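Biologist: Could we go through this model together? I should like to begin with its internal spaces.

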Amino acid sequence: MNGTSVTAGTKPANQRNRSSWLLAGLSLGYFIVLLDTTVVTVALPAIRDALGGGLTGMSWITGAYTMVFASMLLGMGALADRLGAARVFLGGIVLFMLASVLCAVSPAIGWLIGFRALLGVGGAALLPSSLTIIAETFTDPARRAKALGIWAAVSGLALAAGPIIGGILVDTLGWQSIFLLNIPVGILSWLWTRANVDFSARKPAPSGMDPAGQLAGLLGVAALTSAFMESEELGWGSPVILVLFAAAVLLIGLFVWIEKRSHSPMLPLSLFKSRVLVTGLAAGLLINFGLSGVLFVMTLYFQQLHRYSAMGTGLAFLALTLPMAVNPMLMSRLISRYGAARTIGTGFLLACTGMLIQALLPADPGYIPTGISLLLIGCGVSFILPPLVSVVMSAAPQGKTGTASGALNAFRQLGATLGVALPGVLMAAAPDLSHGVMSSLLLTGILCLAGSVLVFRYIGGTSTNMSRNR
C-alpha cells in the first residue's frame, strides 16, 4: 500500500517536473528569437565598419530578418499543424543555430543579409509551434495561463537584456559573437524540449497547406520593403523603385485573391469582419513600427552622434527596456480596473509623448532628458502588448484564436520591418544625422498618436467589458 502511494505520488511529480523543463526549453527558444531583434541593433555600426554597406546595409541587416519572420509566421503555424508542433520547433532550433553560425562567418554584407533572412525562417518556425506545444501540454486552464505568462515574460527579459548583452559582446569579442551566443542557448533549448516533449500529445492534423498564399505574401512584403530601403540609393523616381512598388501592390492583391479562394487559407479573410480584431492588428503593426524605429534611430543617435560605445548604448537603452521587463507583471490589475482599451490607448499616448519629446530636444541635451523620453516609450510599449493579445484573442471567431494570434504576430513583425525601412529613408534624405533622427521620431510619434485614436475609437468599451467579465 505504501509502495502504491509512493508510485502514485511520484508519477504526477515527474510529469510536473518534465513539464517545467519543457517550458524552460520552449522559453529559451522564444528568448533567442526575441533577443536577436534587439541584440543586433547595437552592433550595426560595428558591422558596417567591418563589412561596409552604409545606412541601406544596416537597414537590410535588421529588415531581412523581420521581413521573412513576418511573412513566414502564418505558414509555419500551418506546417506545425500538419507535421506536428514538436518536430517544427526542434527543426526550427537547428535551422536557427545553423543560420547564426553562417551570420557569424559572413565575409560580406550581402552574405550576412541573406543569412539573416534564413535566420528569420528559423525564428518563424519557433513562435507558433512553441505556443501549440504549451497548449497541448498544459491542458488545465489555470496551469496553461501560468505557463503562457512565464513564456510571455521571456519577451520582456529578452528586450531588456538584448542591447546590454549586445554591447558587451561587441566591445569585448566583436560583432560575430552576438550570433554565436545563439548556439549554447539553442542547444539547451533543443535538449530540454526533445527530452521532455510528448510527441504523441496530438497527432498531426491532415490540414491543407497554402504554398501559393505563402509565396505571394512573402514576395509582396519583400517587394515593398525593398522599394523603401533601396530608394535611398536609387531615388524615388527610379524605374526599379517604381517597378518594386507596382509589384508589391500586385502581389498583395494576388495574396488576397488566393486567400479568398483557398480551401485552407493561411490568413482567413473572415477575421477582418471584426472591427475590434482589425483595430488590434493595426495597433500591433503601429507599436512595433514605433519600437523598431526608435531602437534603430537611437542606436545611430548614441553611437554616431554622441560617440557612445556599443556597451554604453546598451546601458543607455535600459530606460526603454526595463519597463518592458517589469510592467507586464502589473498589467492584470490595470486591465481589471480600467479595461484593455484604456490601457492600450494610454500606452500609445505615453509612447507618442516620449518620441515627440526626444524629437524636439536640442542637439546635445545630456542623457537625463533622453532617458526620460525612453522611459516614457518603454512604459507605453509595456502598457500595449499584454492587453493587445487578450483583445485580439477575445475578438477572434470561434476556433480561430490560434490563427488570430498568428496574424497579430505577423502584423507586428511587418510593422517592425517597416519601422526600420521608413526611418532609414528619412535619415538618408535629411541634411544631417541630427535632422534625420528628429524627422524619424516625429513620424513614429505621429503614428503612435494615430494608434491611440484608433484604439479609443474602434475598441473603446468593448474590450473594457470583456476584461471586466473575466
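Biologist: Which helix gives the most to the lining of the second largest cavity?

Modeller: That is α17, with four residues. This is a predicted model. Besides α17 (401–429), α3 (54–83) and α9 (211–234) each supply at least two residues of that lining.

Biologist: What volume does the second largest cavity have?

Modeller: About 40 Å³. The search of the whole structure finds three cavities of 30 Å³ or more.

Biologist: And which residues line the second largest cavity?

Modeller: Leu55, Thr56 and Ser59, then Phe228, Met229 and Glu232, and finally Val420, Ala421, Gly424 and Val425. By class, six are nonpolar, three polar and one charged.

Biologist: Let us turn to pockets. How much space lies in the second largest pocket?

Modeller: About 410 Å³. Its lining has 20 residues, and the closest to the pocket centre are Val221, Phe255, Leu267, Phe411 and Leu414.

Biologist: Which elements give two or more residues to that lining?

Modeller: They are α3, α9, α10 (239–261) and α17. In this pocket α9 gives the most, with six residues.

Biologist: How does the lining of the second largest pocket divide by class?

Modeller: It has 17 nonpolar residues, three polar ones and no charged ones.

Biologist: Now the aromatics. How many aromatic pairs does the structure hold?

Modeller: Nine. In one of them, tyrosine 65 and phenylalanine 69 are tilted, at 5.7 Å centre to centre with 40° between the planes.

Biologist: Where do tyrosine 65 and phenylalanine 69 sit relative to each other in helix α3?

Modeller: They are four residues apart in the helix, and therefore separated by about one helical turn.

Biologist: Is tyrosine 65 buried or exposed, and what of phenylalanine 69?

Modeller: Tyrosine 65 counts as buried because its relative accessibility is 0%. Phenylalanine 69 has a relative accessible area of 1%, so that residue is buried too.

Biologist: What is the geometry of the pair of tyrosine 301 and phenylalanine 302?

Modeller: The planes meet at 70° and the ring centres are 5.4 Å apart, so the pair is edge-to-face. Both tyrosine 301 and phenylalanine 302 are buried. Ring pairs also join Tyr301 and Phe302 with Tyr308 and Phe317 in a cluster.

Biologist: Which residue lies over the face of tyrosine 458?

Modeller: Arginine 457, at 4.9 Å from the ring centre.

Biologist: One last residue: where does threonine 321 lie, and what does it touch?

Modeller: Threonine 321 lies in helix α13 (residues 318–326). Leaving aside residues up to four places away in sequence, it touches Leu159, Ala160 and Pro163. Threonine 321 counts as buried, because its relative accessibility is 1%.

Note on methods: Residues numbered from 1 in each chain as written. Predicted model: local features only at pLDDT ≥ 70, side-chain atom pairs only at ≥ 80, totals over all residues. Heavy atoms only, no water. 1 Å grid on protein atoms, 1.4 Å probe; cavity = no way out; pocket = protein on both sides within 12 Å on 5 of 7 lines; lining within 4 Å. Points joined across faces, edges and corners; volume = space filled by probe spheres on them. Nonpolar A, V, L, I, M, F, W, Y, C, P; charged D, E, K, R; others polar. Buried < 20%, exposed > 50% of the residue type's maximum accessible area, 1.4 Å probe, protein only. Contact = heavy atoms within 4.5 Å. Phe/Tyr/Trp six-rings, centres within 6.5 Å; stacked < 30°, edge-to-face > 60°. Lys NZ or Arg CZ within 6 Å of the ring centre and 35° of its normal.
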